[in-house]
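Work through the following exercises with the sequence and the model in front of you. Try each task before you read its solution.

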Amino acid sequence: MSEKQLRSDDEIDLFELFLTLWEGKWLILGATLLAAVSGFAYITLTPNKFEASLNIAPLSANDINDYSALNSIIAADLESTARTGSFIPTYNSDEPPFFEVTELYLANAFYTVLANYSLREILGSAPKNLSGNQSEQDYRNSFEDASRSFKTSFGKDGMIVITFQGKDEALAQQIVKNTLQAAGIKTKKSVRDDFQTQTSEHSARIKFILEELSVEESFAIANFSKNIQQEIDRLKEHLEIAKALGIENAFEKGFTNHAFGNTETYFKGRQALEAEIAILKKRKLNESHLPDLKRINSAISLIEQDRTAKLARDALEQTPLSEDKVFKAVEYNTVQMQFAYEKRPTLILALSIVLGGFLGMATVLVRHAFRARETA
């Protein structure tokens with residue numbers, strides 16, 4: 001067979017192939033459309049996996065200066081005050097401030113909110129679209145998709161990575177911005193809760209120490225009364241002995257002052273013992289008779305006048321943690337946010353059309369081959 005005949009046969013085969021495909025054009029077109037619809041349905045019904053990367057930095061020293069008054073409040077050493085009865089401040093010691101707000105403390109509080117709370121807990125169960133660019137229902141649907149897969153992780157150099165699923169990139173970006181904003185608000189509440197816990201613990205500590213001092217005072221008073229009564233009972237016994245011996249006073253028996261101190265108590269005589277007993281019965285509790293009482297009363301007065309919690313509350317309301325002031329926990333810029341997602345809608349749709357076309361052509365050719373074989 002000549003080269004001219006071979007070329008002619010090839011041209012005939014290609015022409016026949018074209019005719020075969022043309023005859024099955026509706027099948028090919030149908031398969032292509034079906035694949036395109038399937039691809040579009042996949043894009044529409046299945047969510048993307050979004051990933052937002054954002055650099056989060058602690059506040060500057062200038063911002064932390066807003067908390068300097070709060071950070072300078074240091075409580076007195078309550079335990080030492082109770083032991084000594086004198087006010088012992090701790091400003092010059094290594095004791096930390098009553099409640100200290102640092103850049104790292106705020107950053108950790110912010111990270112904790114993002115890492116430990118769900119999207120619903122951060123934004124609430126019925127969040128609003130703060131952008132106003134999309135419909136409220138679309139935003140709610142995107143929020144529902146995101147809330148099921150929301151996850152936060154931390155990369156190097158303060159980079160925070162937020163991943164979740166969704167269908168609309170613009171809405172997904174808005175959810176990230178809303179989440180960061182709401183996390184700042186929740187961080188503020190968390191810090192105020194920490195402060196409230198600290199003041200409650202301080203108040204509980206004061207109450208506990210005052211109760212201990214009260215118990216100590218009761219024991220001291222009880223011991224004082226007990227000792228007085230024991231001394232009265234002892235003197236009464238010696239009074240009976242003095243009466244039995246007929247000793248009216250010590251000097252009747254010729255005792256000197258020096259010898260008097262080394263004799264039995266009944267040698268003081270009836271008159272002296274009765275006078276001593278009468279004095280003891282009239283003795284009232286006071287600090288001169290009970291030195292510990294002075295220390296206890298002084299400690300109670302000082303601790304009851306402790307103003308640490310009030311000073312701290314007043315200072316707190318002058319900081320950005322005040323409920324009516326603007327607060328920020330960390331520095332970040334959403335304009336510099338890196339946003340990516342895995343799904344490529346255009347590519348998926350194009351591949352669906354191409355694969356659908358190839359599937360249609362393959363079906364037409366296979367059908368043609370079977371028909372040709374049956375005819376033969």
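**Exercise 1.** In this predicted model, determine which residues of helix H6 are buried, and what they pack against.

*Solution.* Begin by listing the covered positions: in H6, the buried residues are Leu-106, Ala-107, Ala-109, Phe-110, Tyr-111, Val-113 and Leu-114. Next, recall a general point about such a list, namely that an α-helix has 3.6 residues a turn, so residues three or four places apart point the same way. Finally, look for the partners of these buried residues of H6, and you will find that they pack against several elements, including helix H3 (61-64), helix H7 (119-123), strand S3 (151-154), strand S4 and helix H9 (169-245). Strand S5 (330-331) is also one of the elements against which they pack.

**Exercise 2.** Check whether the length of helix H6 agrees with what its residue count leads you to expect.

*Solution.* Helix H6 covers residues 103-116, which makes 14 residues. The expected span is 1.5 Å times one less than the number of residues, and for H6 this comes to 20 Å. Because the end C-alpha atoms of H6 are 20 Å apart, the expected and the computed span agree.

**Exercise 3.** Describe how strand S4 is covered and how S4 is joined to strands S1 and S3.

*Solution.* Start with the cover: six of the eight residues of S4 are buried, and the strand is therefore mostly covered, given that buried means under 20% relative accessible area. Then take the neighbours in turn. S1 and S4 run antiparallel and are joined by eight bridges, with Glu-51 standing opposite Thr-163 in S4. S3 and S4 also run antiparallel, joined by four bridges, and here Phe-154 stands opposite Ile-160 in S4.

**Exercise 4.** Characterise the aromatic pair formed by Phe-50 and Phe-164, and say whether each residue is buried or exposed.

*Solution.* A pair of aromatic rings is described by the distance of the centres and the angle of the planes. A search of the whole structure finds eight aromatic pairs. For Phe-50 and Phe-164 the centres are 5.9 Å apart and the planes stand at 45°, and the pair is tilted. This pair links distant parts of the chain, since Phe-50 belongs to strand S1 (residues 48-55) and Phe-164 to strand S4 (residues 159-166), 114 residues apart. As for cover, Phe-50 counts as buried because its relative accessibility is 0%, and Phe-164 counts as buried because its value is 2%.

Note on methods:
Residues are numbered from 1 along each chain as its sequence is written. This is a predicted model: local features need pLDDT of at least 70, side-chain atom pairs count only at pLDDT 80 or more; totals for chains, interfaces and linings use all residues. Side-chain values use heavy atoms; hydrogens and water are left out. Rings of Phe, Tyr and Trp (its six-membered ring) pair if their centres lie within 6.5 Å; planes under 30 degrees apart count as stacked, over 60 as edge-to-face and the rest as tilted. Helices (H or I, at least four residues) and strands (E, at least two) are DSSP runs, numbered from the N terminus. Buried means under 20% relative accessible area, exposed over 50%, partly exposed in between (1.4 Å probe, protein chains only). Contact means heavy atoms within 4.5 Å. Two strands pair if DSSP finds at least two bridges between them.
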